Each structure stands twice: as structure tokens, then as C-alpha cells.
Amino acid sequence: MHASLFHPNHSIYIFEIVVIFSSLTFNCIHHLRENIQRHFRISSTSLTLSDMEGDMHFSHDHPLISFRDEMEEDAFTDNYHSCKICGLPILFAPSYTCTFAACDFFLHESCAHKIQPVIIHPNHKDHALCLQVGSPNFFYKSVDSDFKMHPLDATAVDDVEIKSKHKSHPPHPLVAHCRQILTRCDACGERHDGFFFSCQQCKFWIHQDCTILPTTLNLLSNPWPFLLVYSIPAISQYYECIVCLKSLLPTHNAIYLCPQTFQFSHVRCGLENIQSKTRLELIQLPDDEFDTFPSLEIRTYSQPDEDPSHENENFHEHPLILVGDEEDGHTYKLVCDICIQTITIPSPFYRCSQQTGGCSFLAHKVCSELLPIIKFVIPIGYGRDTIMAEPCPNQAKWFFNSIFFCMFCHLPCNAPCYFFSEIVFRLYDIPCMMVNLSCMAAPSIIKHISHSQHLLFRTTAYRRASPVSCCSRGCFLYDVYKCTICDFCIHIRCALLPKRVRFREFDQHPLNLITTGTSNSSGSDHDICEVCEEGIECKYWFYHCAKCDYSFHINCIPSVGYLSKVKFGGKFDIPCHSHTLTLKRMLTYGRNEKCGHCHKIIPGLVDQAAFSCSQCDYWIHFSCARDSFTSSQDCTSLVFEEINEGVISLMETDEIN
């Protein structure tokens, strides 16, 4: 029996509508549209979602909601999504996703609103085309033949436009186009066919595969990851690809770059010689935590340790015992001896098993477990040769009171010390190339609010940078995060500053880090520090309380100041005084005192160290105490101020190599 006998007004087609019905049906194309509209509550102009959140779409069994791709917040991720209808990446395009995350179902907004389940194409008028499920995308198929079309090809006349931003071309949005002929990609420099994203204003074309390239790769034996960059630093023009040994061409606008050595790989060479993909665990700074360290390291390095006893002969002479919630009722402040940050109770930490014998060593669980396993290397020159940091064998002997000067954050520290024995940088024949744990464990690649448009790389191949935006101190080797695209750089120390701090533990309002380089609330480009009462240049970073309109130098806040990596309270005996002395921090002490050795003033509210006697109110400068100790012991021991001055002097004369 012929179907047209039942429906003489319109032509009849047989459809296997996989997306909507599970059985073979007879239907008129005009009435089919009406039935679909009625079934899914969609308008006659677009067989898609209505404007309300949570509506159904004919292509999926569950309600869909608007989706704002996480790449809009973080454009440096490998977590890409593709549209199930057209198969193109979502990128920044407006889109929808399933309310059930397990479905991993996404649609471009344009595909959802304009691609219909049944169409008659101008170039194929005799037969209707039905949208069918396919992989990696849906496709239109003729009901009477094997003719197939990609959804975007079939609906080109209906203005289905996939428009998106992409990091390869920041000035303008890109629009998806299908190219039937080989076309050169302006990112990788190779020829492709198929779908491109293009900017017609700039004549820029990037193949769809190059919009979702892996962000980082491990290549050959290079110890550092190669990062995908779409803006090539000038210095790379003098290098050859580490894979094919060929130089860059003008058509290569994307490469995989090692920010440490500036070696590079062509995109195709890198993809064909991947040693391993490295998922970029990008850390956004400044951190929301009041104490940046060790919260950064917990995300990456922390491993569960079921053993309650812990032996770390590399940094402590006694076995350590894991302590948990039983310390919750303590009334005193605990400080980690490894990172010199507060131990928050009831988080687990280690204490020395010989505590009853007078050893007061304490450590965060993550710090004590990280220190023995961390491997920290820096490059030598511009090749692949590296040197590794080693535990310092003579910290107490080389540095007075065990306080060394870290070459990476340029801060004094009395935590466990690591050094580079092969770097010839010495004062009085004492090696001075030292580093602490927090600098060793700092991430190699970050995204910072002060330069959110590009990634920042931790680099050691840099010297005497142009003035930085974070503070007035210039940049030297080993202490910067740098943007290879626009030559922006900030110090490691400044990059790791927390977003919020408190001047005192129980202050009513936290202080917020100001990185914008703008004027203060009164419109002036200068302010006054509430601690030292000296001027603050607002073009550099500082901390501010908006409610009280108080501003503070970074170095005038105890938790992040110059001596923030020194643990105070330790006891020390010196020949010039009969009682045991205690190491004090003058910034928190707050009053001027007179040195009993040189009889000069030890200023309060200045971030410097001094020793005091609790029995007779005796005070002595830190450097005077060193002089008294070394003269009696006939030895040499450096004070951190001497190392700081020596670093600046040697850097300015380029004597460190």
C-alpha cells in the first residue's frame, strides 16, 4: 500500500530518526516538524532550546543548561570540550551542557538553536536530510540514498556561526569555516584541510586541531617541560628545533618552548616525539590562603604516610612522631621548622620524639615528607646540563645561628638549607648559593593576577631585568617569574605573597595585596606606612585595608616581611654575656633597645634580628653577637646581611657564573 493514499497533500518520506525515535516511521516532513516542535516545546523558527535554563533538546535525553567554559577563567588548560553536533571544540563559544556531568555532553549555542533534526538542503532538494548520531559529530543523511553532509556544511545557508575567542589570536574572535582545499595554518605552519577558525579582518587561519594542542610536553631528555606559546620570543630565532634541527620559518607562529633554556620544538615535531604529556596543574596566584606555603605544595606533593613514626636524618637528628587532633587544646603558637609558617591545629604535623629531652623541632606533615624527596635542579648556560641542590653539610658552621641567605627569594632563613656545590660563589671561602624548601617547591609555571593575560615561567636564564612592577628591587639570576611573550617579570618572593594577611593575628580586618600599581584612595601615587611611617610608592605592591584606609609596606608585615622565614625564640650562648640569650625580632618587639656590646641603638619596628637576655634585660645586635662568638672560637661565620650585600656586589660585576 502506498503511503501517499493516506496523505495526498504533501510528499511522503521514510525516516529513521535515530536521535528522536527508535523505530522506522512514515511521516510528512512538514508535519514531522510540527510534531517535533510540540513534543519538545520548541519554536517554529528554531528546533532547539528555548531561552529558559533546563529545557530539553532533541539531541539529548537530559535537560541542558548554559555552560561558561572554564577556559574563559583559565585559558591555559588541556580540559577541552567538543560540541556533539558539529564536533568542533567549544573553546570560548557560548554553549550548553548536560545537567548530569557524567554525560560529558556539550553543544555550541549556535548549533543548539539553529541546527534542525530534518532539513531540505538547496543543493539536495529532492530528498530530506535527517540528523543522525555519529562520531565524533552528528551528520545529515539523505533518507533515500547514502548522501551525507556535515551539519555546518548543510546549514551554511541558515547562518549557523561558531564564533569564539582563542589565545592564538587575542585581538578578535574567530569564526569556524570549512576548507575543502589544503590551507596553511597560521599557528603550526603546516597545510591542512577541514575546519579552520579564522579572523577575516586579519586574514588569520588556525586549524581546529591546533586550537586544542597539548599545553605542555616532555620532549627527549630535557628536564623541563616545553610549553605551547603562540608568540615567539626573539631569542628563539637563533636556535634550531631540538627534534629536526631546522630553524623557524615566518609561517611558524606557534612552537613548544622551554622557558628555562629557550630551546624549542616545531608543533609537528613536538607532537611526533612526545616523551610524555604533562598535564598543566596551573596554580593561580596570589593564593587565597593567609599562609601561601605550604598550601601550594599540598596540592602537588603531599602523599599519605601511614607510618606514625618518621625518620628524616637528612634534616633532623632524631626520629619524628606524627601528631594529630590531640593537640587541639593548645594555647601557644606552633611554627614549622622547615617552612617557618604557622602549624594550623588540628592539621597533622610531626614533632621530635626527644621533646622531653629539650628538642622542640616541629614540622608540617607535608613539609617533612617533601624535603627528603624533592629534586631541584637549575640549568648551566643554555644547554641541557643541570646541577642539583644538595643538603648543606655545614649550615650551623658556615652561617651564624644557622641563618643563611636564600638566593632565590633573597630572604634570610634558618630552615633546612640546600646548596649548589658546583657554583663558585663564595664569601670568605664559604659557599653562598643556598636555597630553602619553599623556593625549591615553588611551581615552575604560574598564572598571576598581576599579569593574567599570559603565563609566567620560573626562569634562571635571566639577569638584571628592567625594573619590575612588584617592588623597587631589580631582578637577578634565579629569582624571577618571567613572561617570554612580553618581557614582564616579577620576583619569586613577590609572586608567592598571599592575597590576604593580618598584621597581628587577631586584627579585625585582613589586609589585601594591591598589585594594580594604581593610586591610593585619595588619588595620590604615594601613601604612608602605618608601621614605619615612611612613604609607600603606590606603583609597587603593598598591603591595604580598604575599611580603615591603612596601608603597609610588605616588609613591615611580620608574616611576609624580610625576616618572615626566620624562626625566632631559639636560645644561644655567646662569650660576652653570662646568660643564655634568646633570638628576637625587633619588628614585633616594637621598642628601641641599646646594644650591650657596641652601645648603639637597636631600633624597634624595623625588621632585624637581635638577641636579648630575659634575666638581666641585656640586648645585643645580631652582628655583634656573631663578632663575639667568632673571635672567641677563631672561626668564620657569615651573617645574612653580609651575603645580601655580597650578592648585589657580585651581580653588578657579573662575577657569578
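Reader: Hi! Where is the place of Ala-389?

Author: Ala-389 has its place in the loop between β25 (386-388) and β26 (390-391). Strands here are DSSP runs of E with at least two residues, helices are runs of H or I with at least four, and both are numbered from the N terminus. This is a predicted model, so local features need pLDDT of at least 70, side-chain atom pairs count only at pLDDT 80 or more, and totals for chains, interfaces and linings use all residues. Residues are numbered from 1 along each chain as its sequence is written, and side-chain values use heavy atoms, with hydrogens and water left out.

Reader: Thanks! Is Ala-389 buried or exposed?

Author: Ala-389 is buried, at a relative accessible area of 10%. Buried means under 20% relative accessible area, exposed means over 50%, and partly exposed is in between, with a 1.4 Å probe and protein chains only.

Reader: And how far apart in space are Ala-389 and Val-435?

Author: Their C-alpha atoms are 8.0 Å apart, while 46 residues separate Ala-389 and Val-435 in sequence.

Reader: Let's switch to sheets. What is the strand order in the open sheet of five strands?

Author: The order is β19-β33-β34-β35-β36, and the pairing is mixed. Two strands count as paired if DSSP finds at least two bridges between them.

Reader: Which strands stand at the edges?

Author: Those are β19 (283-285) and β36 (489-491). Each has a single partner strand, so one side of each is left without a neighbour in the sheet.

Reader: Could you zoom in on one pair for me? How many bridges join β34 and β35?

Author: Three bridges, in the antiparallel sense, between β34 (residues 456-459) and β35 (residues 480-482). Phe-457 has Lys-482 in β35 as its bridge partner.

Reader: What about β11, which strands does it pair with?

Author: β11 (residues 174-184) pairs with β10 (residues 163-164) in the antiparallel sense over two bridges, and Lys-163 is matched there with Val-175. β11 also pairs with β12 (residues 191-199), again antiparallel, over seven bridges. Arg-184 and Arg-191 are bridge partners in that pairing.

Reader: How many residues lie between β11 and β12 in the hairpin?

Author: Six, and Gly-189 in the turn has a positive phi of about 85 degrees.

Reader: New topic: charges. How many salt bridges are there in the whole structure?

Author: Eight. A salt bridge needs a side-chain nitrogen of Lys or Arg within 4 Å of a carboxyl oxygen of Asp or Glu. One of them joins Asp-337 and Lys-567, at 2.9 Å from N to O.

Reader: Nice, and which parts does that pair tie together?

Author: Asp-337 lies in the loop between β21 (320-323) and β22 (349-352), and Lys-567 in the loop between β42 (550-552) and β43 (571-572), so the pair ties together parts 230 residues apart in sequence. Asp-337 is buried, with a relative accessible area of 17%.

Reader: Got another salt bridge?

Author: Sure. Asp-627 and Arg-626 meet in one at 2.9 Å, N to O. Asp-627 is partly exposed at 37% relative accessibility, and Arg-626 is buried at 11%.

Reader: Arg-626 is in helix α11, right? What are the buried residues of α11?

Author: Yes, Arg-626 is among them, along with Phe-622, Cys-624, Ala-625, Ser-628 and Thr-630. The helix covers residues 622-633, and its twelve residues should span 16 Å at 1.5 Å a residue, counting one less than the number of residues. The end C-alpha atoms are 17 Å apart, which agrees. After α11 comes Asp-634, with a positive phi near 55 degrees.

Reader: Last one, aromatics. How many aromatic pairs does the structure hold?

Author: There are 18. Rings of Phe, Tyr and Trp (its six-membered ring) pair if their centres lie within 6.5 Å; planes under 30 degrees apart count as stacked, over 60 as edge-to-face and the rest as tilted. Phe-196 and Trp-205 are edge-to-face, with 6.0 Å between centres and 75 degrees between planes, and both residues are buried.

Reader: Which charged end sits over the ring of Trp-205?

Author: That of Arg-179, 4.5 Å from the ring centre. The rule is NZ of Lys or CZ of Arg within 6 Å of the ring centre and within 35 degrees of the ring normal. Lys-148 likewise sits over the ring of Phe-139, 4.9 Å from its centre.
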